[in-house]
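The following explanation is intended for a reader who meets this structure for the first time. The sequence and the model are shown below and should be kept in view while reading.

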Amino acid sequence: MGKKDKRWVLQRKNDHYYNLAKRRNYRSRATYKLFQLNEKFNLIKERNVVVDLGCAPGGWLQAARDIVGDNGFIVGIDLQTVKPLPHDNVIAIKGDMTKEEILKQAKDLLPEKPDVIICDASPNISGVWDVDHVRSLELTTMALMTATKMLKKGGNFVVKVFQGDLFEKYVQLVSEYFDKAFTTKPRASRDESAEVYVIGKRFNGRKFDMNSKSPIVKLLDTKPVEEEITSPSLRKEISKEDSGLMIKRIKEMRSKKE
Ligand SMILES: C[S@@+](CC[C@H](N)C(=O)[O-])C[C@H]1O[C@@H](n2cnc3c(N)ncnc32)[C@H](O)[C@@H]1O
């Protein structure tokens, strides 16, 4: 075991939420993030129907099941296979949450429109702050779009976002579709992590505006930010640029490739 691995094992041993999750048979320490978010914002209630985007290994599925109880219903989606949970009212689909056919599969399983959409999905981390920020925004904007297509009017939304220059613009976009938008970092989220949670309370029923002038929606015009950005010099260049320039640069790179 290398030095770095040893440090990681030691850190985990001393991690309060990791130990708590292990003791209580929760599949991830993230379970506590959802409990804390729910305590503060009252997002999920007993008997609710919930969709969990990016749900593996299933910690949020377990937390949501604890909250909705026997008479609620939860469908999760993840690229990874999720080991089934011992409850009839929790189902996980293997697939890409950004793909129409997977969302349709989820929709077909639901007994009614969801009351809550939760999304803790993480993109592949490159280690370049701005690139990870854009990757995260691509996923979270797809999640917001899904929320506006699926949610009951008055329904709630929570999504993990990696911070960066466009963060406030994302919150602004969420506030267009919900009566109230909040940002928060639950206690169980590590201080050093770039993640923040954005909450949308009470969906106003608006259809997602693909022609919006928001720079966030414009991100969807491009193909997902890519494995293409692998050259170290380009990474360095991108991490120095501001987000507008970065998006322009990514688009330019792509148009050259196409
Ligand atoms: C931090 S984990 C989620 C942890 C989960 N909330 C829990 O408590 O167990 C992030 C997940 O997002 C998933 N993910 C990332 N991109 C995705 C995509 N496009 N479609 C579905 N899942 C995705 C990853 O496979 C990963 O399992």
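The paragraphs that follow turn from the ligand to the annotated residues, then to two helices and to some details of the backbone.

The structure is a predicted model. A suitable place to begin is the ligand. Around the ligand there are 20 residues, of which Ser28, Gly59, Asp78, Asp96 and Asp120 come nearest. The shell that they belong to consists of nine nonpolar, seven polar and four charged residues.

Several polar atoms of the protein can be located beside the ligand. In the side chain of Ser28, an N or O atom is 2.8 Å from an oxygen atom of the ligand. Asp96 places a polar side-chain atom 2.9 Å from a nitrogen atom of the ligand. Pro57 takes part through its backbone, with an N or O atom 3.3 Å from an oxygen atom of the ligand. On its own the ligand has 610 Å² of accessible area, and the protein covers 85% of that area.

Pro57 deserves a second look. The residue is found in the loop between strand E1, residues 49-53, and helix H4, residues 59-68. The peptide bond that joins Ala56 and Pro57 is cis, with omega at about 0 degrees. Thus Pro57 has both a cis bond to Ala56 and a backbone atom 3.3 Å from a ligand oxygen.

The annotation may now be set beside the model. In an unreviewed entry, UniProt places the feature "binding site" at Gly58, Trp60, Asp78, Asp96 and Asp120. Of these positions, Asp78, Asp96 and Asp120 are also among the residues that come nearest to the ligand.

Gly58 lies in the loop between E1 and H4. Is Gly58 buried or exposed? Gly58 counts as buried because its relative accessibility is 0%. Apart from neighbours within four places in sequence, Gly58 is in contact with Arg27 and Leu85.

Trp60 lies in helix H4. With a relative accessibility of 3%, Trp60 therefore counts as buried. When residues up to four places away in sequence are not counted, Trp60 touches Ala30, Thr31, Lys33, Leu34, Leu37, Asp52, Ile118, Cys119, Asp120, Val158 and Tyr197. One of these, Asp120, also carries the "binding site" feature in the unreviewed UniProt entry.

A further feature, "active site", is placed by UniProt at Lys160, again in an unreviewed entry. Lys160 is found in strand E5, residues 156-162. Its relative accessible area is 6%, which means that Lys160 is buried. Its contacts, leaving aside neighbours within four places in sequence, are Cys119, Asp120, Ala121, Ser122, Ser136, Thr140, Glu195, Val196 and Tyr197. Asp120 is thus in contact with Lys160 and also with Trp60.

The helix that holds Trp60 can be considered as a whole. H4 is mostly covered, with nine of its ten residues buried. These are Gly59, Trp60, Leu61, Gln62, Ala63, Ala64, Arg65, Ile67 and Val68. Just after H4 comes Gly69, with a positive phi of about 75 degrees.

Helix H3, residues 31-41, is the next element to examine. How many of the eleven residues of H3 are buried? The number is eight, and H3 is mostly covered. The buried residues are Thr31, Tyr32, Lys33, Leu34, Gln36, Leu37, Asn38 and Phe41. Four of the names on that list, Thr31, Lys33, Leu34 and Leu37, are also contacts of Trp60. The cover over the buried residues of H3 includes helix H2 (16-23), H4, strand E4 (116-119), E5, strand E6 (178-184) and E7. H3 is followed by Asn42, whose phi is positive, near 50 degrees.

Two further residues have a positive phi although they are not glycines. Arg47 has a phi of about 75 degrees and lies in the loop between H3 and E1. Because its relative accessibility is 55%, Arg47 counts as exposed. Arg202 has a phi of about 65 degrees and belongs to strand E7, residues 195-203. Its relative accessibility is 37%, so Arg202 counts as partly exposed.

Methods:
Residues numbered from 1 in each chain as written. Predicted model: local features only at pLDDT ≥ 70, side-chain atom pairs only at ≥ 80, totals over all residues. Heavy atoms only, no water. Near = heavy atom within 4 Å. Polar contact = N/O pair within 3.5 Å; in protein donor to acceptor, adjacent residues only side chain to side chain. Areas by Shrake-Rupley, 256 points an atom, 1.4 Å probe, with all protein chains shown as cover. Nonpolar A, V, L, I, M, F, W, Y, C, P; charged D, E, K, R; others polar. Helix = DSSP H or I, 4+ residues; strand = E, 2+ residues; numbered from the N terminus. Buried < 20%, exposed > 50% of the residue type's maximum accessible area, 1.4 Å probe, protein only. UniProt positions renumbered as here; feature names shortened; annotations may be inferred. Contact = heavy atoms within 4.5 Å.
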